[in-house]
Amino acid sequence: MTEPVNYTDVQPGTRLPTRVFTVGRADLVRYAGASLDFNTIHWSERAARDAGLPNVIAHGALTMALALRALTDWAGDPAAVRDYRARFSKPVVVPDDGEPARVQVEAVVAEKLDSPRVRVSVTATCGADKVLVMPRVLVALKE
Amino acid sequence: MSLDQTFLGRVYPPTEPYAVGREKIREFADAIGDENPVYRDAEAAKALGHPDVIAPPTFLMLLTLKADGQVVFDERLGLDFSRVVHRGQRFSYQRPVRADDLLTVLVKVAQLDTVDGNDVVTLQDEIRGATGELVCTATTTFVARADEAGDERTAGGRP
C-alpha cells in the first residue's frame, strides 16, 4: 500500500495511477461463489450465447469492484468512497481461451468540493470498449 | 412485454437481518483480488479509525441483489428475466459495513419505464443497521433488453 493522498495534494485534473486488472474464468467462478450471483451468463458459454451475448461475460459488480480499487488504494481507506453511480455500458467478455480479459481503469480528479471531499471521474475499458463509467465518485480524503 | 405499472411506488417489508461475518468479508475481498488489510485485520481497521474490520464498498451487492429478487422475480411484474442485465448501480454510504453488522434491506420500486422497447426497472434499497440507522442507500437499474438489442447489453444479471 502506498501512502494515502491528502486533500491538499490534489487539484482538478490530478490523475490517479492507471490500473490494469485481469479477469479470467476462474475469477468469475470465485466471484460468483463469494457474491452468490450465479447467473448462468457468467459461467456457461451456452447460456451466454442463448442470451444473445458473444460469450461468458463478467459480473458488472465485479468490474465495478475492480474500478473502485483504483480509488480505495489511492485514498488509503476504502470508507473514503462515499457515493458513486456506475453505468455498465458494455460487457467484459471472458472467453475460455487461456487469456484473461484485461480491464484498464483510469481516474481523474474532476472537482474539489468542500474539504475533504473531491469528485473523481472513473472510466474502465476492455480492449476498445468502454465497459464502465462512474463520472461522479465522491471521495473524502485525509485533510 | 409491458410492466405492470401498479408495482410503481411499492415498498416491500424489510428483509430478514443479514449477519455480516468477518470470514465472508475476507472471502469477498479475496474474490475481488483486494488485499487491503482493513478487510481482514481488526488492528489495521482500528488504525484507520474503524471499530472493526470493514467490508469492501461493493459488498452490499450480496444483500441488494437478493432483496431486489422480491421484485424482479415476481411474475406479475412482467419482466422477462431471461433478457435482464444489470445496467446501473448507485451506492450512497452513511458509514462502511462492518463485521457483526445486522443489516436489513427495504426495497422500493422507484421507476418503471420502457425505453426503445426495453423494459427498465429501477429499485431503491435502504440498508439499515441493528438500531435502525441508515447505512447506505442503493439504487439498481435492471434492463430487459428487447430482442436483438444493440450495444447496450451488459453484465450483472441475476439467475
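**Helix α1(B) and some salt bridges**

Trainee: What phi does Gly33(B) take, just after α1(B)?
Mentor: A positive one, about 70 degrees. Helices (H or I, at least four residues) and strands (E, at least two) are DSSP runs, numbered from the N terminus. This is a predicted model, where local features need pLDDT of at least 70, side-chain atom pairs count only at pLDDT 80 or more, and totals for chains, interfaces and linings use all residues. Residues are numbered from 1 along each chain as its sequence is written, chains are lettered from A and ligands numbered from 1 in the order written, and side-chain values use heavy atoms, without hydrogens and water.

Trainee: Which residues are buried in α1(B)?
Mentor: Lys24(B), Ile25(B), Phe28(B), Ala29(B) and Ala31(B). Buried means under 20% relative accessible area, exposed over 50%, partly exposed in between (1.4 Å probe, protein chains only).

Trainee: Where do they fall, seen down the axis?
Mentor: Within an arc of 160 degrees, so they line one face of the helix. The arc is that of the directions from the helix axis to the C-beta atoms.

Trainee: What do they pack against?
Mentor: α1 and α3 of chain A, plus β1 and α3 of chain B. Contact here means heavy atoms within 4.5 Å.

Trainee: New topic. How many salt bridges are there over all chains?
Mentor: The count is 18. A salt bridge is a side-chain nitrogen of Lys or Arg within 4 Å of a carboxyl oxygen of Asp or Glu. One of them joins Glu27(B) and Lys24(B) (3.0 Å, N to O).

Trainee: How many residues apart are Glu27(B) and Lys24(B)?
Mentor: Three, about one turn of helix α1 of chain B. Glu27(B) is partly exposed at 37% relative accessible area.
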